[in-house]
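Welcome! Here is a short briefing to help you find your way around a protein you have not met before. Please take a look at the sequence and the structure first.

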Amino acid sequence: MSRNPWFRGWFGREYLALYPHRDRAEARLAVALLRETTRLGPGRQVLDVGCGPGRHLEELDRIGCLPVGLDLSRAMIEAARTAAPRAGLVRGDMRSLPFRNAAFDVVTSYFTSFGYFDDDDDDLSVLCEVRRVLKAGGWYLLDYLNADEVVANLSSEDRRTVSGFEVTQRRRLVEGGRTIEKRIRIDGGANVPAREFQERVRLYRPEDLHSMLVRAGLTPDSLFGGYDRSPYESMSPRCIVLARTCG
């Protein structure tokens, strides 16, 4: 892997400014799915891997859980500290979780906080780490993009204005269609240098995720196509897998 992978530079203040629509209402629906399917109750220890600005941590805290958020980005950790001041926050790499074995009742990976690495083995390492830190009978929720829907509705380019900046996003499939790449250019006008960033996410299908979860020692339990618990279909907006540990 490159010494400067795309995710080290992208998830900063620019990312937060570009996606203001990802709000608390959406987070409430996402956490409700977890609560209703696992009977998640007060006092449960929950780790959110790739916690971002903390909107899911805030909702987990609201329903009485004891949330901990992990993210590699300093900017995200700072934003999460404001959104969810009572949550535990740790900066770290999801491939090597800095927690003891069997520390959590539930682990979540919300809004495609997975599939970031060039090597499938690195993504598998994430799942193995999730299994390690889960208690016996614990749950893992993997909220992922729907690869088939992404490919079918791929928009090669869009332009919009966000907070006074002109943002251009260009998308393409690479690596034989196994990865979606997005290049983001942010223009600030006269005397403000343009900034460019990149996103790369692997296009794992449900059967791929199922196989990887099993290899990591997790047992897939349910598959949903959205936060409303709708069944997964080829054009569902999301691919949400719920798995658990044995015992």
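The points below go from the whole chain to its interior and then to its surface. Please keep in mind that this is a predicted model.

**Overall build**
- The protein chain folds into eight helices and 11 strands.
- Its C-alpha trace spans about 60 × 40 × 35 Å along the principal axes.
- A compact globule of 247 residues would have a radius of gyration near 18 Å, and the protein chain has 18 Å, so the two agree.
- Of the contacts with a separation of 6 or more in the protein chain, 62% join residues 24 or more positions apart.

**Inside the protein**
- Buried residues make up 49% of the 247 residues in the protein chain.
- In soluble globular proteins, nonpolar side chains tend to be buried together.
- Here, the largest nonpolar core holds 39 residues, and those with the most contacts inside it are Leu47, Val107, Phe114 and Tyr140.
- Leu47 is a good place to start exploring: beyond its neighbours within four places in sequence, Leu47 touches Val68, Leu70, Leu97, Phe99, Phe104, Val106, Val107, Thr108 and Val133.
- There is also a second, separate core of 17 residues, with Leu33, Val46, Phe224 and Leu242 among them.

**Surface and charge**
- The protein chain exposes about 11700 Å², and carbon and sulfur atoms supply 48% of that area.
- The protein chain carries 37 positive and 35 negative side chains.
- The centres of these two sets of charges lie 4 Å apart.

Methods. Residues are numbered from 1 along each chain as its sequence is written. This is a predicted model: local features need pLDDT of at least 70, side-chain atom pairs count only at pLDDT 80 or more; totals for chains, interfaces and linings use all residues. Side-chain values use heavy atoms; hydrogens and water are left out. A nonpolar core is a set of buried Ala, Val, Leu, Ile, Met, Phe, Trp, Tyr and Cys residues joined through side-chain atoms within 4.5 Å. Buried means under 20% relative accessible area, exposed over 50%, partly exposed in between (1.4 Å probe, protein chains only). Contact means heavy atoms within 4.5 Å. Helices (H or I, at least four residues) and strands (E, at least two) are DSSP runs, numbered from the N terminus. The radius of gyration is taken over C-alpha atoms; the globule rule is 2.2 Å times the number of residues to the power 0.38. Accessible areas come from the Shrake-Rupley method with a 1.4 Å probe; for residues, only the protein chains shown count as cover. Lys and Arg count as positive and Asp and Glu as negative; His and the chain ends are not counted. The place of a charge is taken as NZ of Lys, CZ of Arg, CG of Asp or CD of Glu.
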